[in-house]
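This report concerns a ligand-binding site and selected features of the backbone. The structure is shown first, and the description follows.

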Amino acid sequence: MAVEQLQKQPATDISQYEGILVVVEQREGKAKKVSWQLLGQGRRMADKLGAPLIALVIGHQVEHLAQEAIAYGAEKVYICDHEYLKDYRTKPYSKVCLNVFALAKPEIVLYGATATGRDLAGAIATHLPTGLTADCTELDVEPNPSRLLLASRPAFSEKMMATILCKKYRPQMATARPGVFQALLPDQTRTGDVINVPFHLESGETATRIIDFISDTNSVNLEEADIIVAGGRGLGGPDALKLLQDLADALDGTVGASRAAVDAGWVKHERQIGQTGHTVRSKLIIAAGISGAVQFTVGMQHSDLIIAINKDPDAPIFQVAQYGIVGDLFEILPAMTVEAKKRRGMA
Ligand SMILES: Cc1cc2nc3c(=O)[nH]c(=O)nc-3n(C[C@H](O)[C@H](O)[C@H](O)COP(=O)(O)OP(=O)(O)OC[C@H]3O[C@@H](n4cnc5c(N)ncnc54)[C@H](O)[C@@H]3O)c2cc1C
């Protein structure tokens with residue numbers, strides 16, 4: 001759209017819009033954790049606004065996710081369940097979203113900043129005369145009368161935080177990083193309204209067809225991992241990665257790393273935790289040979305249980321860890337692996 005046209009665009013009547021809508025992301029009927037994390041933060045913000053929290057579930061054979069969304073805090077769920085929507089495709093999914101936004105008129109829409117969420121939100125933003133703040137690490141709202149979404153994200157090479165506002169148009173939209181917000185504890189006794197949305201597609205409306213889905217077994221998904229074994233510069237070189245992998249295998253976990261280990265070329269960036277890597281909320285994270293710089297801890301400090309291994313008793317990582325082991329990781333990691341295997345009957 002030309003700049004001149006944009007300037008002529010009339011401002012939306014924002015008083016018609018109410019509520020916070022979270023687009024639930026799922027794959028094969030299993031929701032991504034970020035969806036429940038966004039409902040958790042959405043609930044906190046909706047309460048501040050005195051507004052409803054709405055979820056949108058799209059897919060095939062996903063009725064159970066409507067109930068799950070209610071347990072995680074939504075009071076109203078729009079669901080569009082159709083064979084054609086089994087796998088994510090930009091056009092059909094964005095069409096459903098646009099229909100539901102027209103029906104529900106939410107003042108705020110949130111998506112996970114995953115590959116799918118980013119694609120979907122970007123596609124929708126091109127159809128609506130409103131803004132989209134990508135990759136947020138903080139979300140809040142100003143109460144009445146402004147009811148503005150305060151969407152914050154790192155800017156200028158992550159050196160500053162910028163808070164971005166969308167004052168004149170609705171819905172205010174943001175994608176938010178997985179792992180940053182805390183999901184509510186699911187409450188199965190909660191009740192809510194479930195609204196079925198029909199799905200229609202005109203012939204020729206979608207140019208893509210899914211022939212097959214081949215999952216990348218080598219890809220790493222730290223944000224979804226319950227157990228992470230992470231290493232840093234203290235590993236001393238790439239050979240020590242085997243110690244992390246052995247313990248991760250014994251615990252059914254995933255290997256993560258500090259930036260120092262990534263910058264040294266020992267580990268791929270996809271495994272980096274921290275400000276310029278992934279934010280994780282695992283059930284357990286073991287940090288070995290990592291000093292605990294704030295840029296690392298900001299990405300893992302909300303994990304349920306943190307165990308740190310460091311030979312320096314004054315390492316800052318011990319300040320965020322529930323259990324600290326002062327010692328040499330080359331002795332401690334193999335000992336933990338032996339013990340884990342023994343306890344899990346793998347020895
Ligand atoms: C803008 C910006 C963004 C950044 N983003 C990130 C980020 O996303 N993630 C990140 O991790 N960092 C990030 N950093 C870098 C961060 O500041 C630290 O430099 C980095 O986290 C240090 O990594 P480390 O703890 O592995 O290494 P070090 O700080 O060097 O710590 C190594 C630790 O290993 C211990 N050790 C050594 N040998 C052993 C042994 N044999 N057994 C046990 N312990 C041992 C040492 O006592 C030491 O505490 C960022 C920095 C900037 C400026």
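In this predicted model, an N or O atom in the side chain of Gln295 lies 2.8 Å from an oxygen atom of the ligand. Two contacts from backbone atoms are listed with it below.

| Residue | Protein atom | Ligand atom | Distance |
|---|---|---|---|
| Gln295 | side-chain N or O | oxygen | 2.8 Å |
| Gly289 | backbone N or O | oxygen | 3.1 Å |
| Lys311 | backbone N or O | nitrogen | 3.2 Å |

Considered alone, the ligand exposes 990 Å², and 78% of that area is buried by the protein.

**The shell around the ligand**

The ligand is surrounded by 25 residues, of which Arg233, Ser258, Thr276, Ser291 and Asn310 are the closest. Sorted by class, this shell comprises 13 polar, seven nonpolar and five charged residues. Three helices each contribute at least two residues to the shell: helix 7 (259–263), helix 8 (294–297) and helix 10 (329–343).

**The pocket**

Where does the ligand sit? It occupies the second largest pocket, which holds about 440 Å³ of space. The lining of this pocket consists of 27 residues, and those closest to its centre are Arg233, Ser258, Ala260, Ile290 and Ser291. Arg233, Ser258 and Ser291 are thus named among the residues closest to the ligand and also among those closest to the centre of the pocket.

By class, the lining divides into 14 polar, eight nonpolar and five charged residues. At least two lining residues come from each of helix 7, helix 8, strand 16 (305–310) and helix 10. Helix 7, helix 8 and helix 10 therefore appear in the description of the lining as well as in that of the ligand shell, by the element boundaries used here.

**Backbone features in loops**

Two cis peptide bonds precede proline residues. One joins Asn144 to Pro145, with omega near 5°; Pro145 belongs to the loop between strand 8 (138–141) and strand 9 (149–155). Another joins Arg170 to Pro171, with omega near 0°, and Pro171 is placed in the loop that runs between strand 10 (160–164) and strand 11 (172–176).

A further backbone feature concerns Lys105. This residue, which is not a glycine, has a positive phi, near 45°. Lys105 is found in the loop between helix 4 (90–104) and strand 6 (108–112).

Key
Residues numbered from 1 in each chain as written. Predicted model: local features only at pLDDT ≥ 70, side-chain atom pairs only at ≥ 80, totals over all residues. Heavy atoms only, no water. Near = heavy atom within 4 Å. Polar contact = N/O pair within 3.5 Å; in protein donor to acceptor, adjacent residues only side chain to side chain. Areas by Shrake-Rupley, 256 points an atom, 1.4 Å probe, with all protein chains shown as cover. 1 Å grid on protein atoms, 1.4 Å probe; cavity = no way out; pocket = protein on both sides within 12 Å on 5 of 7 lines; lining within 4 Å. Sits in = over half its atoms within 2 Å of the grid points. Helix = DSSP H or I, 4+ residues; strand = E, 2+ residues; numbered from the N terminus. Nonpolar A, V, L, I, M, F, W, Y, C, P; charged D, E, K, R; others polar. Points joined across faces, edges and corners; volume = space filled by probe spheres on them.
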